[in-house]
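Dear colleague,

Please find below the structure that I am handing over to you. The notes that follow it set out what was found.

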Amino acid sequence: MNRAFSRKKDKTWMHTPEALSKHFIPYNAKFLGSTEVEQPKGTEVVRDAVRKLKFARHIKKSEGQKIPKVELQISIYGVKILEPKTKEVQHNCQLHRISFCADDKTDKRIFTFICKDSESNKHLCYVFDSEKCAEEITLTIGQAFDLAYRKFLESGGKDVETRKQIAGLQKRIQDLETENMELKNKVQDLENQLRITQVSTPPAGSMTPKSPSTDIFDMIPFSPISHQSSMPTRNGTQPPPVPSRSTEIKRDLFGAEPFDPFNCGAADFPPDIQSKLDEMQRQRWRGSKWD
């Protein structure tokens with residue numbers, strides 16, 4: 001039964017006209033989703049849509065997915081479906097495009113409405129789950145229709161064109177907000193990438209000191225070119241200087257010079273001994289001559 005359009009006018013509505021015409025009535029519900037339907041109205045049409053979306057939701061629930069929660073904002077301009085925390089508009093169903101609204105008599109928590117999509121011109125059935133407010137939400141949408149129709153009669157049809165223009169502007173604003181959100185996300189991603197690059201890249205001109213290579217014994221290999229004083233030890237201190245070799249001839253404890261058979265010559269003996277050696281050499285030469 002189409003509860004929204006069969007409400008008797010002699011009964012009082014749940015909300016004041018000002019609340020729906022100047023503001024909106026918010027409700028929280030679970031959004032089962034939307035699906036395309038062949039007809040713009042009809043109880044059997046929405047029943048098939050509810051059955052289809054319930055089955056799809058049951059499969060997603062078995063996979064661990066929860067039914068998303070949404071906020072509904074109902075006014076004489078339409079029904080907005082928003083994300084509860086961020087208030088991002090997910091769907092904006094203009095009132096003049098809604099052709100059918102009903103709550104399910106077999107399941108008191110379910111309510112639906114059919115809306116013609118502004119871009120594809122297809123009829124979509126939106127299905128919601130509200131444990132306590134399903135019937136109240138349906139009646140609130142009916143009251144919004146009643147107030148909108150009265151305004152239409154009072155304005156002679158001019159108000160419809162105004163609402164269409166307002167609806168177009170609202171859609172444009174929604175598109176710009178979505179585009180702005182996407183740009184903000186891209187800027188944030190670029191800032192994160194730049195921050196990572198700055199951390200990983202050392203500043204220009206800075207050189208990382210290279211430690212000298214060592215062999216398998218953890219020893220620094222000898223290089224005759226490198227000066228010994230420029231080679232630091234492990235604790236950072238310089239090694240002690242190598243004492244220079246003295247040119248002075250060392251003597252033993254008796255005061256004699258060490259014997260060096262490679263440098264031994266005639267001038268290496270004392271004069272008295274040298275003279276005796278020379279005499280012995282002459283006598284030997286004379287003896288060999290007479291022979």
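**Salt bridges**

A search of the whole structure, which is a predicted model, finds 9 salt bridges. Three of the pairs are described here, together with a network.

One salt bridge is formed by the side chains of Lys122 and Glu36, at 4.0 Å from N to O. Lys122 belongs to the loop between β6 and β7 and Glu36 to strand β1, so this pair ties together parts that are 86 residues apart in sequence. Lys122 is partly exposed, with a relative accessible area of 41%. Glu36 is partly exposed too, its relative accessible area being 45%.

Another salt bridge joins the side chains of Glu44 and Arg47, at 3.2 Å from N to O. Here both residues lie in helix α3 (residues 43-62), 3 residues apart, which is about one turn of the helix. Glu44 has a relative accessible area of 48% and is therefore partly exposed. Arg47, with a value of 40%, is partly exposed.

In a further pair, the side chains of Lys54 and Asp107 meet at 2.9 Å, N to O. This pair links distant parts of the chain, since Lys54 is in helix α3 and Asp107 is in the loop between β5 and β6, 53 residues apart. Is each partner buried or partly exposed? Lys54 is partly exposed, with a relative accessible area of 33%, whereas Asp107 is buried, at 15%; the cut-off for buried is under 20%. Lys54 and Asp107 also belong to a network of salt bridges that includes Arg109 and Asp129.

**A buried aspartate**

Asp104 is likewise found in the loop between β5 and β6. Asp104 is buried but has no salt bridge. Which side chain of opposite charge is nearest to Asp104? That side chain is Lys54, 4.7 Å away, and a salt bridge requires a nitrogen within 4 Å of a carboxyl oxygen. The side chain of Asp104 does make a polar contact of 2.7 Å with the side chain of Thr106. With neighbours within four places in sequence left aside, Asp104 is in contact with Val50 and Ile110.

**Overall arrangement**

The chain contains 6 helices and 7 strands. Along the sequence these elements follow the pattern α-α-β-α-β-β-β-β-β-β-α-α-α. Of the 291 residues in the chain, 26% are buried. Where contacts join residues at least 6 apart in sequence, 57% of them are between residues at least 24 apart.

**Strand β3 and its partners**

Strand β3 (residues 78-82) is mostly covered, with 4 of its 5 residues buried. Strand β3 pairs with strand β2 (residues 69-75), to which it runs antiparallel, through 5 bridges. In this pairing, Lys80 of β3 stands opposite Gln73. The connection from β2 to β3 is a hairpin of 2 residues.

Strand β3 is also joined by 5 bridges to strand β4 (residues 89-94), again in an antiparallel arrangement. The bridge partner of Val79 in β4 is Cys93. The hairpin formed by β3 and β4 has 6 residues between the strands, and Lys87 in the turn has a positive phi of about 65°.

**Nonpolar cores**

In soluble globular proteins, nonpolar side chains tend to be buried together. The largest nonpolar core of this model has 29 residues. The residues with the most contacts inside this core are Leu72, Ile74, Ile98, Phe113, Tyr126, Phe128 and Ile141. At least two residues of the core come from each of α2 (17-21), β1 (25-36), β2, β3, β5 (98-103), β6 (110-116), β7 (123-129) and α4 (134-155). Which element gives the most to this core? Helix α4 does, with 7 residues.

Ile141 touches Ile74, Val79, Cys101 and Phe113, with residues up to four places away in sequence not counted. A second, separate core has 13 residues, among them Val46, Val50, Ile110 and Ile114. Val50 and Ile110 are also the two residues named above as contacts of Asp104.

With kind regards

Terms used
Residues are numbered from 1 along each chain as its sequence is written. This is a predicted model: local features need pLDDT of at least 70, side-chain atom pairs count only at pLDDT 80 or more; totals for chains, interfaces and linings use all residues. Side-chain values use heavy atoms; hydrogens and water are left out. Buried means under 20% relative accessible area, exposed over 50%, partly exposed in between (1.4 Å probe, protein chains only). Two strands pair if DSSP finds at least two bridges between them. A nonpolar core is a set of buried Ala, Val, Leu, Ile, Met, Phe, Trp, Tyr and Cys residues joined through side-chain atoms within 4.5 Å. Contact means heavy atoms within 4.5 Å. Lys and Arg count as positive and Asp and Glu as negative; His and the chain ends are not counted. A polar contact is a pair of N or O atoms within 3.5 Å; within protein, one must be able to donate a hydrogen and the other to accept it, and residues adjacent in sequence count only if both atoms are side-chain atoms.
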